Amino acid sequence: MIQELHLHNYKCFADQKVSFKALTLLSGLNDTGKSSVIQSLLLLRQSYQQDLLLDRGLALNGDLVNVGTVEDVLFEKAIEDVIAFQLRLKNGHEQAWRFLYDRKTDALSWDISNTQDKQIYHSSLFNNNFHYLTAERIGPRPFFDMSDFLVCHRRQLGSAGEYAAHFLYIYGDEIKVHTDLAHPDAISLDLKNQVEAWLGEISPNTCISVVPNAGIDTISLQYAFVDKGSSRIYRARTVGFGITYALPILVAVLSSQPGALVLIENPEAHLHPKGQSQMGKLLAHAAYCGVQIVLETHSDHVLNGIRVAVHDGELAPENVQIHFFQRQKDGQAQVLSPCIDRNGRIDQWPNGFFDEWDKNLESLILPGSM
């Protein structure tokens, strides 16, 4: 499990440490550094997968993330031409990576002073016990792609969730969901049944059919909304965005084993308030079961779902980390970290931290506003 990430001269961070727990929530206004934290983890994974991280450099652009040139990611007011990352795990293993920037070639080179703790590469950030879902997930389609390499060999869904249907087809009856994560209305612990049950929190009585299209290496999703034993069949493109956007998250979380790392951007996308709150509860359940969850969200409903889970004793408050990002006048990001207690209460509410509802309500009840 990741315990701390230290960023030096990366994007809006001159020198910043970010702590992580079983469930870590990143919040804040747009362009304040939330995505940059997730991107830094993806950069390390991407560079390792391209055989660069051990002794060569960084893969700034690839399948997981595209961040442009070195000039694009170097902190604007850096006083030295160095970009560095340091990762510390809960088990005590720690690794730092320093890269030297050559302004003439706009290239990074490996700093020979780096030492290696190769145990760090056994962590879930670098192995197949990992999922990442970007905010721009794939929407409803008449059919979805298949990938034997990513799904069957690496057990990945694709960063946009584009292989979630294929994953569900292969592992829907094979993977058994952790009993503490199981939905009480599901008929079994099979991944497919559990996905359907949790999907019912967003759209009640939803059933999923995964149909491979022989000969063209694609797969189709079909939905039925069962009411009193009967329903017509709907193709994925005739169903709202919310179900299709939520499906990869449910598949990723429910299929993950203890020790896995799951990074999710905007899990609330296209979901109604109840669905967002239930998504927060599910992520809290997963963290309780030993899956490390890192999510970026703008949703107070997701936050409140997590708070309710803590209040109900489903996740200990010491296993929740909340970070609120804001920009300072010098362009650097500042990270504030409100704490949550066992009753689900948060000790501080910085300006801009999920407070827009209160501000609007106050404006509505001011004298003369009626």
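A salt bridge is a side-chain nitrogen of Lys or Arg within 4 Å of a carboxyl oxygen of Asp or Glu. In this predicted model, a search of the whole structure finds eight salt bridges. Three of them are described below, one of them within helix α5, followed by the packing of α5 against helix α6.

**Salt bridge within α5**
- Glu196 and Lys192 form a salt bridge through their side chains, at 2.9 Å from N to O.
- The two residues are four apart in helix α5, a separation of about one helical turn.
- Glu196 is buried, at 14% relative accessible area, while Lys192 is partly exposed, at 22%.

**Salt bridges between other parts of the chain**
- Asp31 pairs with Arg327, with 3.5 Å between the closest N and O atoms.
- Asp31 is in the loop between β3 and α1 and Arg327 is in strand β14, so this salt bridge ties together parts 296 residues apart in sequence.
- Asp31 is exposed, with a relative accessible area of 61%, and Arg327 is partly exposed, at 40%.
- Glu174 pairs with Arg155, their closest N and O atoms being 3.2 Å apart.
- Glu174 is partly exposed at 47% relative accessibility, as is Arg155 at 34%.

**Packing of α5 and α6**
- Helix α5 (residues 191–199) packs with helix α6 (residues 241–255) at an angle of about 130°, and their axes are 10 Å apart.
- The two helices are therefore oblique to each other, and their crossing is right-handed.
- Residues making the contact include Leu191, Val195 and Trp198 of α5 and Ile243, Leu247 and Leu250 of α6.
- The contact residues comprise nine nonpolar, two polar and no charged ones.

Note on methods: Residues are numbered from 1 along each chain as its sequence is written. This is a predicted model: local features need pLDDT of at least 70, side-chain atom pairs count only at pLDDT 80 or more; totals for chains, interfaces and linings use all residues. Side-chain values use heavy atoms; hydrogens and water are left out. Axes are lines fitted to C-alpha atoms, for helices over the stretch in contact, and angles run from 0 to 180 degrees between N-to-C directions. Angles under 35 degrees count as roughly parallel, over 145 as roughly antiparallel, 65 to 115 as roughly perpendicular and the rest as oblique. A crossing is left-handed if the near helix is turned anticlockwise from the far one by less than a right angle, and right-handed if clockwise. Contact means heavy atoms within 4.5 Å. Ala, Val, Leu, Ile, Met, Phe, Trp, Tyr, Cys and Pro count as nonpolar, Asp, Glu, Lys and Arg as charged, and the others, Gly among them, as polar. Buried means under 20% relative accessible area, exposed over 50%, partly exposed in between (1.4 Å probe, protein chains only).
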